[in-house]
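Hi there,

Here is the structure I promised to pass on to you. My notes on what turned up in it follow right below.

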Amino acid sequence: MENENCEIFEEEDIITLQDEQGNPIKFVEVACVEFEEEFYVLLSPAEEVEGIGDDEVIICKLEDQDDETQLIVPVEDEELMQKVFDEYLRTAEECGCCDDDCDCDDCDCEHEHDHEGHCHCGCEDK
């Protein structure tokens with residue numbers, strides 16, 4: 001599914017990245033989001049990855065290295081990650097990707113929730 005600022009991948013395209021030690025890690029491309037004139041990709045682990053839950057994504061910035069190569073650079077700024085994720089949620093809802101079985105509106109706080117109903121503000125832990 002695609003709208004002006006977000007493309008949500010319906011096929012499970014697997015890409016392989018390398019960790020700090022050069023070990024290959026496979027990820028599923030979830031979506032590509034345009035935010036503040038930059039492009040970000042949301043990736044979900046295709047296999048178990050230490051430190052990343054099954055229902056979590058990592059957010060990476062796409063950077064052009066040259067005309068043929070793009071670098072996938074992990075975003076480390078928590079505030080930027082949340083803004084990109086919020087943009088993803090907003091555009092997913094606009095394009096109808098959020099179905100009626102989704103729990104993303106079950107919490108009464110004012111923050112965005114993922115499709116499993118998890119809020120990233122910590123209000124569920126109170």
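Lys61 is partly exposed, at 23% relative accessibility. Please keep in mind as you read that this is a predicted model. The side chain of Lys61 meets that of Glu38 in a salt bridge, with 3.7 Å from N to O. Lys61 belongs to strand S5 and Glu38 to strand S4, so this pair ties together parts of the chain that are 23 residues apart in sequence. Glu38, like its partner, falls in the partly exposed class, in its case at 31% relative accessibility.

How many salt bridges are there in total? The count comes to three, and the other two involve helix H1.

One of these joins Glu79 and Lys83, whose closest N and O atoms are 3.2 Å apart. Both residues sit in helix H1, which spans residues 78–94, and because they are four residues apart there, about one helical turn separates them. Glu79 is exposed at 52% relative accessibility, a value just past the cut-off, since exposed means over 50%. Lys83 counts as partly exposed, at 38%.

The other is formed by Arg90 and Glu87, with 2.6 Å between the closest N and O atoms. Here the two partners are three residues apart in helix H1, again about one turn of the helix. Arg90 has a relative accessible area of 33%, so it is partly exposed. Is Glu87 buried or exposed? Glu87 is buried, because its relative accessible area is 11% and buried means under 20%. This salt bridge therefore pairs a partly exposed arginine with a buried glutamate.

Now for the overall layout, in case you want to find your way around the chain. There are six strands and one helix. Read from the N terminus, the order is β-β-β-β-β-β-α. Of the 126 residues in the chain, 31% are buried.

Next, the acidic residues on the surface. Which residues form a negative surface patch? The members are Glu48, Glu50, Asp54, Asp55 and Glu56. One of them, Glu48, lies in the loop that links strand S4 (38–45) to strand S5 (58–64). Glu48 is exposed, at 79% relative accessibility. The same two strands, S4 and S5, hold the salt-bridge partners Glu38 and Lys61.

Another loop residue to look up is Asp13, found between strand S1 (6–8) and strand S2 (14–18). Asp13 is partly exposed, with 37% relative accessibility. In sequence, Asp13 and Phe27 are 14 residues apart, while in space their C-alpha atoms are 8.2 Å apart.

Last, the cysteines. How many disulfides does a search of the whole structure find? The search gives zero. Two cysteines, Cys32 and Cys60, can be placed by their accessibility. Cys32 counts as buried, at 16% relative accessibility. Cys60 is buried as well, with a relative accessible area of 1%.

If you would like a place to begin, you could display Lys61 and Glu38, which form a salt bridge between strands S5 and S4, and then turn to helix H1 for the pair Glu79 and Lys83 and the pair Arg90 and Glu87.

Happy to talk it over whenever it suits you.

Best wishes

Terms used: Residues are numbered from 1 along each chain as its sequence is written. This is a predicted model: local features need pLDDT of at least 70, side-chain atom pairs count only at pLDDT 80 or more; totals for chains, interfaces and linings use all residues. Side-chain values use heavy atoms; hydrogens and water are left out. A disulfide is a pair of cysteine sulfur atoms within 2.5 Å. Buried means under 20% relative accessible area, exposed over 50%, partly exposed in between (1.4 Å probe, protein chains only). Patches are made of residues with over 30% relative accessible area and no salt bridge: like charges are joined within 9 Å, nonpolar side chains (Val, Leu, Ile, Met, Phe, Trp, Tyr) within 5 Å. Accessible areas come from the Shrake-Rupley method with a 1.4 Å probe; for residues, only the protein chains shown count as cover. A salt bridge is a side-chain nitrogen of Lys or Arg within 4 Å of a carboxyl oxygen of Asp or Glu. Lys and Arg count as positive and Asp and Glu as negative; His and the chain ends are not counted. The place of a charge is taken as NZ of Lys, CZ of Arg, CG of Asp or CD of Glu.
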